[in-house]
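Reader: I am new to this structure. Could you take me through it step by step?
Author: Certainly; please have the view open as we go.

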Amino acid sequence: MTTYPNIPKPIRSGIVLIDPARGTPQRIIVLQFNPDSLERSIAPQTAGTSSDSGGGGSGSGDRNEALRLKGPAEETWKFTAEIDSTDQLDVAAPDGIHPQLAVLEMLVQPTTEKLRQNSQLGKNGAIEITPIEMPLTLFTWGSKRVMPVRITELSITESAFDVNLNPMRASLNIGLKVLTVSDLPVGHPGAELYLAHLAQKERLAGMARAGSLGALGLTPGDIGGGGGALAAGGAA
């Protein structure tokens, strides 16, 4: 059998669970197949958009705030992950893909231990029970995209079963919200990881080739306060 040692091994996307107190990895979940496509939505957090400022215009906020941002943009991801035990015939799977599905489902479920603890606190007369804190979740898509996230959607379609009705193949629709410094306390490991993620975007943006006014059919005199076409509102 011919081998090609110089062919790089493909990097897998995945999820890393981080201890929110210590910042150390607790579990690493490697997706069996990289999704074929990703859907990303980025919504800017603009300032001064609550009401019209008057003056006869059609604006929806304070004109002094038109170029201001309240904080980081809200970014969401959606993708479909596939799990297929029949693609790994050399790996024993007496329970089908139950274990792989359970790992992903537990990302949005508190443990029985935590639920029992809260139940006991209620029996002991605790007035307020603090919501259960889950591990910090990181989604990784190569070394240039490592970001703290919250899972907002997890729907599963099982499409094949063995004789014991163990699922053998499934498709998972996963939705994520990127957590920013607006979502996490100052000094939280997730906040620092978000800042590193944003800094990586800044570095990549700096590597993009700059355009020219000529490519847009413009000259320096067409912009700015010099009475050019743009300054005059494009009037002839």
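Author: This is a predicted model. A place to begin is Gly125, which follows helix 2 and has a positive phi, near 90°.

Reader: And what span should helix 2 have, and how far apart are its end C-alpha atoms?
Author: Helix 2 covers residues 112-123, and at 1.5 Å a residue its 12 residues should span 16 Å. The end C-alpha atoms are 16 Å apart, so the two values agree.

Reader: Let us turn to the sheet. What is the order of its strands?
Author: The order is 2-1-5-6-7-4-3, in an open sheet of seven strands with antiparallel pairing. Strand 2 (25-30) and strand 3 (38-46) stand at the edges; each has a single partner strand, so one side of each lacks a neighbour in the sheet. From one strand to the next, the twist averages 25°.

Reader: How many bridges join strand 1 to strand 5?
Author: Five bridges join strand 1 (residues 14-18) to strand 5 (residues 136-140), and the two run antiparallel. Ile15 has Phe139 of strand 5 as its bridge partner.

Reader: Which strands does helix 3 touch?
Author: Helix 3 (residues 189-207) packs on the sheet and touches strand 3, strand 4, strand 5, strand 6 and strand 7. The direction of helix 3 makes about 90° with that of strand 6.

Reader: Now strand 7, please. Is it mostly covered or uncovered?
Author: Strand 7 (residues 167-178) is mostly covered, with nine of its 12 residues buried.

Reader: Which residues stand opposite those of strand 7?
Author: Among them, Ala81 stands opposite Leu172, and Leu154 stands opposite Ile174. Strand 4 (residues 69-84) pairs with strand 7 in the antiparallel sense over nine bridges. Strand 6 (residues 146-161) also runs antiparallel to strand 7, joined to it by 11 bridges.

Reader: What lies between strand 6 and strand 7 in their hairpin?
Author: There are five residues between the strands, and in this hairpin Leu165 takes a positive phi near 65°.

Reader: A change of topic: what is the volume of the largest pocket?
Author: The volume of the largest pocket is about 720 Å³. It is lined by 25 residues, and the closest to its centre are Leu107, Met134, Pro135, Leu136 and Thr137.

Reader: Which elements give two or more residues to that lining?
Author: They are strand 2, helix 1 (98-105), strand 5 and strand 6. Strand 6 gives the most, with three residues.

Definitions and conventions. Residues numbered from 1 in each chain as written. Predicted model: local features only at pLDDT ≥ 70, side-chain atom pairs only at ≥ 80, totals over all residues. Heavy atoms only, no water. Buried < 20%, exposed > 50% of the residue type's maximum accessible area, 1.4 Å probe, protein only. Helix = DSSP H or I, 4+ residues; strand = E, 2+ residues; numbered from the N terminus. Pairing = 2+ DSSP bridges. Expected span 1.5 Å × (residues − 1). Axes fitted to C-alpha atoms, helices over the stretch in contact; angles between N-to-C directions. Contact = heavy atoms within 4.5 Å. 1 Å grid on protein atoms, 1.4 Å probe; cavity = no way out; pocket = protein on both sides within 12 Å on 5 of 7 lines; lining within 4 Å. Points joined across faces, edges and corners; volume = space filled by probe spheres on them.
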